[in-house]
Amino acid sequence: MSALLQVRDVGISFGGVRALDQVSFDVEEASLFAVIGPNGAGKTTLFNCLTAAYRPDRGTIDFKGGSLLGVRRRDLAGMGIARTFQNLGLFDKLDAAENVLLGRHSAMQCGFLGAALQFPAVRREEANNRGKVAEIVDLLGLDPYLGTPSAMLLYGIRKLIELGRALAMEPDLLLLDEPVAGLNREETARMAEIIRIIRRRFKTTILLVEHDMGFLMSLADRVLVLEYGCPIALGRPEDVQKDPKVIAAYLGTEVPA
Ligand SMILES: Nc1ncnc2c1ncn2[C@@H]1O[C@H](COP(=O)(O)OP(=O)(O)OP(=O)(O)O)[C@@H](O)[C@H]1O
């Protein structure tokens, strides 16, 4: 059986800078795949290629057997791909549940007219949406913050709401852009636990891009390490962590266990 996501020989340059070069990997269904690397390694560029923000100069990206190249960003959710943003994209005046509900829109079957006319199918869909939002709010521990505009919440809580909004789309592939950037130790541990719960409950395939190697050691099934846009290691976290090239890429800084 072919992988859910297949990336082959992807390359992209900006002026003279080769941001990605011959990047290839597979993401198997229900697995967690992590892409890591030091600053400037090309992680964000790869994320942008996967989310139709950039079009690679070379190579192919296939999802569920079809090409992702040329797909419009707004069509990704409908195809089963949801993402989070490094700079949070929440609606500040809305609370946690309202922001999560926005993620349901791409999953809704009934159109605007149906909603206006209150067809029974629409009422059923609304009830279904409310149930799904409640489940996600509960799973992420967001109940205490209901009713508070998200702008007034701590950064760590806002990151959880953003994760909730992506989850509400019930994606086949969840793309997480540096999920623990800016979080303290306690919040990072909580995020790791929540990602474990999401995998157990929804069997979601996850690809995450992350700078913090320690965070993903116990989470990822496979890890790709980039340096200056090139893959330097690909494999199980415990093997990749010991790879001399990877240790050198992190500039002699100790690779956290
Ligand atoms: N739009 C762009 N225009 C010009 N150069 C770019 C652009 N996007 C990325 N680059 C260059 O591509 C290289 C890879 O950058 P990228 O942001 O993907 O790295 P990164 O691994 O995400 O780094 P960080 O951990 O600092 O976020 C860098 O040299 C960067 O300057």
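Me: In this predicted model, when does a residue count as being near the ligand?

Reply: A residue is near a molecule if its C-beta atom, placed from the backbone, lies within 6 Å of it. In this structure the residues around the ligand include Phe14, Val17, Ala19 and His211, together with Gly37 and the run Asn39, Gly40, Ala41, Gly42, Lys43, Thr44 and Thr45.

Me: Which element gives the most to the shell around the ligand, and what is the make-up of the shell by class?

Reply: Helix H1 (43-50) and strand S2 (17-27) each supply at least two shell residues, and H1 gives the most, with three. By class, seven of the shell residues are polar, four nonpolar and one charged.

Me: How should the sheet be read?

Reply: Strands of a sheet pair through backbone hydrogen bonds, either parallel or antiparallel. Here six strands form an open sheet with mixed pairing, in the order S6-S7-S8-S3-S9-S10. Its edge strands, S6 (81-83) and S10 (230-235), each pair on one side only. Neighbouring strands are turned by 15° against each other on average, direction ignored.

Me: What are the partners of strand S7?

Reply: S7 (residues 173-177) runs parallel to S6, joined by three bridges; Ile81 stands opposite Leu173 and Arg83 opposite Leu175. With S8 (residues 205-210), S7 pairs in the parallel sense over five bridges, and Asp177 has Val209 as its bridge partner. S7, helix H7 (residues 185-202) and S8 make a right-handed β-α-β unit.

Me: Are the residues of S7 buried or exposed?

Reply: Five of its five residues are buried. Leu173, Leu175 and Asp177 point one way from S7, and Leu174 and Leu176 the other way.

Technical notes
Residues are numbered from 1 along each chain as its sequence is written. This is a predicted model: local features need pLDDT of at least 70, side-chain atom pairs count only at pLDDT 80 or more; totals for chains, interfaces and linings use all residues. Helices (H or I, at least four residues) and strands (E, at least two) are DSSP runs, numbered from the N terminus. Ala, Val, Leu, Ile, Met, Phe, Trp, Tyr, Cys and Pro count as nonpolar, Asp, Glu, Lys and Arg as charged, and the others, Gly among them, as polar. Two strands pair if DSSP finds at least two bridges between them. Axes are lines fitted to C-alpha atoms, for helices over the stretch in contact, and angles run from 0 to 180 degrees between N-to-C directions. A residue is buried if 20 or more other C-beta atoms lie within 10 Å of its own, exposed if 12 or fewer, and partly exposed in between; C-beta atoms are placed from the backbone. A crossover is right-handed if, with the strands pointing away from the viewer, the path from the first strand over the helix to the second runs clockwise.
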